[in-house]
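This report covers the cysteines, one helix pair and an annotated domain. The sequence and structure come first.

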Amino acid sequence: MGGPTHDSSDFLTDKSAKIFVAGHGGLVGSAIVRKLQSLGLTNLVLRSHSELDLTRQSDVDSFFAAEKPQYVILAAAKVGGIHANNTYPADFIAINLQIQTNVIDSSFRHGAKKLLFLGSSCIYPKLAPQPIPENALLTGPLEPTNEWYAVAKISGIKMCQAYRIQYNWDAISGMPTNLYGPNDNFHPENSHVLPALMRRFHEAKVSKAKEVVVWGTGSPLREFLHVDDLADAVVFLMDKYSGLEHLNVGSGKEVTIKELAELVKEVVGFEGELVWDTSKPDGTPRKLMDSSKLLGLGWTPKISLKDGLVDTYKWYVENVVKQ
């Protein structure tokens, strides 16, 4: 029960199976929906937050009692950057625990065949070995700026494991690296590094600015995975994996923030200078996931960073700029 096993799942063969994608409106959930639909899996159960509040236990239970989905993909979460995590720690731990507990428990009690819980690379200790293996979980203190979110996500992994151990129920967990792509958050203050850079270079191009200033030295290494690659991995896990251990989902490729900034600048077409403010902090020097277990099962990412950035910029111009 402990190690990775291959499942004789009929996830991809039963095109009419009812699949609930929780959080279908977000970056991750929307990519999963696109992927499922492209594979002909069209019996999708989707509810917006206004239609179903996943923090309300009775509402979630009623929904599962009525719909009885066979498969559940849990991509719903309260997410945010460092500022939001520091400002609203109670929200980040309580809301995520409520969502996970309600969805996982109701899925089990109303007969779902399989559930996939999606977490985040922030579950690992601040000083985890690099690349970060799955067994680094709970081996040291968390990054203080997002520990509330991380503790909730760790609880989700452990809840899936507990239901598997006690009930032999097929609940699995995947931990994605840094994600980007269509439907990303391009908010000026609350976005992550890649969409933030894209927005700043675009606005500088439009205003014909001479330079864009970026914090730090540009030396930290980061790993990025296009959200469509994650969606592909989600389908792979639902179809092929049935094991106790959570699995990392990453590209396995690192770029420096400097390389990333230069690439975004090129994709956006900003002609001015890129200036580094070295008086500002760099953050963690390296954060790479060890995804060798998933790769060993036969999954590989397909979208290069350059192609992914071109795709994301096109979406940004068509959907954010033109609003």
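## Cysteines

Cys122 is buried, at a relative accessible area of 8%. In this predicted model, Cys160 likewise counts as buried, with a relative accessibility of 1%.

The structure has 0 disulfides. Cys122 takes part in none, and the cysteine sulfur nearest to its own belongs to Cys160, 16 Å away. Why is Cys160 not bonded to Cys122? A disulfide is a covalent bond between the sulfur atoms of two cysteines. The sulfur of Cys160 has its closest cysteine sulfur in Cys122, and because the two are 16 Å apart, they are too far for a bond; the cut-off for a disulfide is 2.5 Å between sulfur atoms.

## Helix 2 and helix 4

Two packed helices are described by the angle between their axes and the distance between the axes. For helix 2 (residues 57-67) and helix 4 (residues 89-109), the axes come within 9 Å of each other and cross at roughly 30°. The crossing of helix 2 and helix 4 is right-handed.

On helix 2, the contact is made by Gln57, Val60, Asp61 and Phe64, and on helix 4 by Asn102, Val103, Ser106, Ser107 and Arg109. Sorted by class, the residues in the contact of helix 2 with helix 4 are 3 nonpolar, 4 polar and 2 charged.

## Annotated domain

An unreviewed UniProt entry carries the annotation "domain: NAD-dependent epimerase/dehydratase" for residues 19-250. Across residues 19-250, helix makes up 43% of the chain and strand 17%. The end C-alpha atoms of residues 19-250 lie 24 Å apart.

How values were computed: Residues numbered from 1 in each chain as written. Predicted model: local features only at pLDDT ≥ 70, side-chain atom pairs only at ≥ 80, totals over all residues. Heavy atoms only, no water. UniProt positions renumbered as here; feature names shortened; annotations may be inferred. Helix = DSSP H or I, 4+ residues; strand = E, 2+ residues; numbered from the N terminus. Axes fitted to C-alpha atoms, helices over the stretch in contact; angles between N-to-C directions. Left-handed = near helix turned anticlockwise from the far one by under 90°. Contact = heavy atoms within 4.5 Å. Nonpolar A, V, L, I, M, F, W, Y, C, P; charged D, E, K, R; others polar. Buried < 20%, exposed > 50% of the residue type's maximum accessible area, 1.4 Å probe, protein only.
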